[in-house]
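Here are some notes for a colleague who is opening this structure for the first time. Please keep the sequence and the 3D view at hand while reading the points below.

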Amino acid sequence: MSEKREVTLTIDGREVTAVEGEMLHDAARKGDVEIPVFCYEPKLGAPVGACRMCLVEIEGIPKLQTSCSTPVRDGMVVHTRTDQVKKAQNAVVEFLLVNHPLDCPVCDKGGECPLQDITTGWGPGKSRVIDEKRHFEKPIELSPLVAIDRERCILCYRCVRFSQEVSEDAQLQLLERGDRTYVGTFDERPYVSPFHGNITDLCPVGALTNYTYRFRARPWDIEQAGSVCTLCPSQCNVSFTVRDEKVKRVIVRDNPGVDDGWICDRGRYGFEMFDAAERVTEPRLKGGSKTDYETAIARAAAGLGARDGKVAAIVGDASNEEGFLIQEIVRGALHSPHLDSRPAAGPRIDTILGLEQPEVQAKVTDIDEADVIFVLGTDPMQSSPILDLRIRKAIRRNGARLVVATERPTALDGGAEAIARYAPGQAAHFVGELTKAVGGTENVATPLAESLRDAGKIVVVWGERLGAAAAAKLLHFADALGTKSAGTDVDGPKTQDSLEISAHQHVGLLEVPDTANARGLREAGVLPDAGPGLAALAINGHGTEAIREALIDGSLDGLILVGVDPLRDFADTARWEEALNAASFVVAFSTFATATAGKADVLFPLETHAEKDGTVTHPDGRLQRVRPAAGRPGDIRPGWQTLANLSLALGHDTGVTSQPTAFKALTDAVPFYASITDAAIGGRGIRWQETESASSFPALAASAPSSAPDAGAASADTQRDSASGEAAPVAGALALGTYRDLWAGPITELNPPLKFLKPSQRLEVSPEDAARLDLDSGDTVRVTQGAKSLEATVAIRERVPAGVCFLAEGVAGANANGLLNGHQVSVQIEKLSEVPA
């Protein structure tokens, strides 16, 4: 991409340097010249010049021009304060106020309203209009979460453009014409979209407001506290609106390197579960009895210490510092190598090292510049929603081409030029065959391979759900794309030399993990076969599934659970129930009182991301600071403090006495974090790959280990990926695939505003299978696997392959995890009732 040259222009007598093609309004901001706008918002794409508020005078052009849509040119002379400009601005403000109600004292936008500010600064100061203003019914429920007051709307088009051009749901539109124009949806249907809360941030007046914030606070009653949302791997930057130490609202905090200035509704409205009745606000003992921290820590230390060497830990919702302290407790205090941070069997350390080498890593902004985006084994809409918007933006604005390969249809399929489906459990086989096709070792011509060949820059957005065997083959796939080597060995070991990507083609890998801080926990040492900094261990331990089996057979006796709920989120619910019952001592850290937390002998409360103080690592390697914004309810103490005290009670002094010392211990233990300071992280974060300590990242061995993986580290995944033959090996049965619904879990169950989004179990089947089984959409069916079953409602989807069906994980009362057992699963379908005609 050629660099644009700089140009010099003059604005109100000030010389300003700008980039050729940049909009005049943006150049004026660089020169500290303020030009008022309503409709202009760079995040929305090309300007539309709808509000006419930004009119300026340009020498050589007789008429006033909109600065938001006028590109700068060298030598341009601009005036923003002439009489002609002021008259035009006064007229625009006066015209907008013709129908706008003067209800600022009762408007939620009052005090932080651009219309108020611009009226004061650029308006005429008085109105000549005495006619009655237009009226609408108000407020109208645009959605269960957003109210619209059409009398206040100034028709800036921002919300409509967001719906049409950013989220691409195309639900909002301008209805009627002329002075009767208003914003609405077709047939007044509710506007429901995973991102629709963003329109309340975009609205420059009080026309669009959140029901969760209406009449809750005024701007002079609140404080804004910047932090990071850890409800999904996107790790969007947010600002908490806090009043009386409680979160009242969540708004976006723009970070182009992470979220592009948007957040999903999960992150925006999820805060109300912080005050749920199910919240754990103090330590508890077996049976639910409340206790103090000193007693709880002493009881936990006694129980764990008595099982020295036979304790394991599984970590999920935790900061980098908390993960580091957990591995210190397990390895240093309890002399056990058994811990993991992954819900299921994951790749071995040699694969992880290969996938995290800086040379093959992609950062989020690489998506914007990619020629081809390859989405593999994940649906970003469900797993990392903001990536979905980023990919759509790259396609719409920059002409990127999209190819998709997944088990299940995705929300991005409509914009893809090539789509491939593989059967559940066949990801490794698919990646291997695709590697041969793009690498030239086999003369295979598929639309997917053709789209990937000869592209200049490719970003592979891949999901951790691919499994260990498929992840191991990703390195060979990237190498085949980058080198086009006819001799690429798709099964051989990868070395440092083989990761050199040719200048002809650049390939970057960007993982979408299963949990929010998966990468940070791995790099902090929460792995069975690697310590802090992904360093090799003398003795490898069990992974998550092997820990479960070891608890059942008695070789492990104690368990520490931090921010995980195996009975809901892990495969094979019955087996996990057996494992937790078999464990003689369980210590759990949980935000809510879950079924898993009820099994704990000692239960400690966890902070939410609005209360936590620590760091997390984005999937692209960016360390970000989670800062406490709200008060901790009840008797909740910082997680790092509880863990440090527990370690001390076990006789292992970590030296951690505060969050800064916890961060220092982490950076001392992780060599490629060594040069990162809290100041360097700042408000935007910093990628460790772009620091001087990045050179300390472990190099790949000359030859990757060829020994078999630990019995529990990857065995289940190997069994899944080695299955061959038809998708449904049992006659009349369907192969079962599962996915995690964005709205499954406490986010909707414990959150009153979001309860309308609580998912019920749906069985997704192809039209062919529906016809064969005499099923119609809406029918109730029983899905059976062995002795286990659940009920679901049929949903026929055209893009689901024949022979396969899909269920959602984590759905209350009908959890698909209950049917999984670590192997490729086939299920029988029995119709229970039909939809009435």
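1. A good place to begin is Gln689, where a polar atom of the side chain lies 3.1 Å from the backbone oxygen of Asp620. The model is a predicted one, and this distance, like the other values in this note, is computed from it. Gln689 is placed in the loop between strand S27 (686-687) and helix H23 (715-722), and because its relative accessibility is 14%, under the 20% limit, Gln689 counts as buried.

2. The surroundings of Gln689 deserve a look as well. If neighbours within four places in sequence are left aside, Gln689 is in contact with Pro358, Gln361, Arg519, Asp620, Gly621 and Ala694, so that Asp620, whose backbone oxygen was named above, appears in this list together with Gly621.

3. For the chain as a whole, the model has 25 helices and 33 strands. The radius of gyration is 28 Å, close to the 28 Å given by the globule rule for 837 residues, and the protein chain is therefore as compact as a globular protein of that length. The C-alpha trace spans about 85 × 70 × 70 Å along its principal axes, and 59% of the 837 residues count as buried. Among contacts with a separation of 6 or more, 71% come from residues 24 or more positions apart.

4. One sheet can be followed strand by strand: it is open, its five strands lie in the order S19-S18-S17-S20-S21, and their pairing is parallel. Why does one side of strand S19 and of strand S21 lack a neighbour in the sheet? Strand S19 (418-421) and strand S21 (506-512) stand at the edges and each has a single partner strand, so one side of each is left without a neighbour there. From one strand to the next, the twist averages 15°.

5. Within this sheet, strand S20 (residues 457-463) and S21 run parallel and are joined by seven bridges, and Lys457 has His506 in S21 as its bridge partner. Helix H12 (residues 385-398) packs on the sheet, where it touches strand S17 (372-376), strand S18 (401-406), S20 and S21, and the direction of H12 makes about 150° with that of S17.

6. Lys457 also takes part in a salt bridge, since its side chain meets that of Glu369 at 3.4 Å, N to O. This pair links distant parts of the chain, with Glu369 in helix H10 (residues 366-369) and Lys457 in strand S20, 88 residues apart. Glu369 counts as partly exposed at 48% relative accessibility, and Lys457 is likewise partly exposed, with a relative accessible area of 22%.

7. Another salt bridge joins the side chains of Asp413 and Arg799 (2.9 Å, N to O). It connects distant parts of the chain, 386 residues apart: Asp413 is in the loop between S18 and S19, and Arg799 is in the loop between strand S31 (788-796) and strand S32 (804-809). Asp413 is buried, with a relative accessible area of 4%, whereas Arg799 is partly exposed, with 42%.

8. The structure holds 63 salt bridges, and some of them form a network that links Asp103, Lys138, Asp149, Glu151 and Arg152. Within that group, the side chains of Arg152 and Asp149 meet at 3.2 Å, N to O, and both Arg152 and Asp149 are buried.

How values were computed. Residues are numbered from 1 along each chain as its sequence is written. This is a predicted model: local features need pLDDT of at least 70, side-chain atom pairs count only at pLDDT 80 or more; totals for chains, interfaces and linings use all residues. Side-chain values use heavy atoms; hydrogens and water are left out. Two strands pair if DSSP finds at least two bridges between them. Helices (H or I, at least four residues) and strands (E, at least two) are DSSP runs, numbered from the N terminus. Axes are lines fitted to C-alpha atoms, for helices over the stretch in contact, and angles run from 0 to 180 degrees between N-to-C directions. Contact means heavy atoms within 4.5 Å. A salt bridge is a side-chain nitrogen of Lys or Arg within 4 Å of a carboxyl oxygen of Asp or Glu. Buried means under 20% relative accessible area, exposed over 50%, partly exposed in between (1.4 Å probe, protein chains only). A polar contact is a pair of N or O atoms within 3.5 Å; within protein, one must be able to donate a hydrogen and the other to accept it, and residues adjacent in sequence count only if both atoms are side-chain atoms. The radius of gyration is taken over C-alpha atoms; the globule rule is 2.2 Å times the number of residues to the power 0.38.
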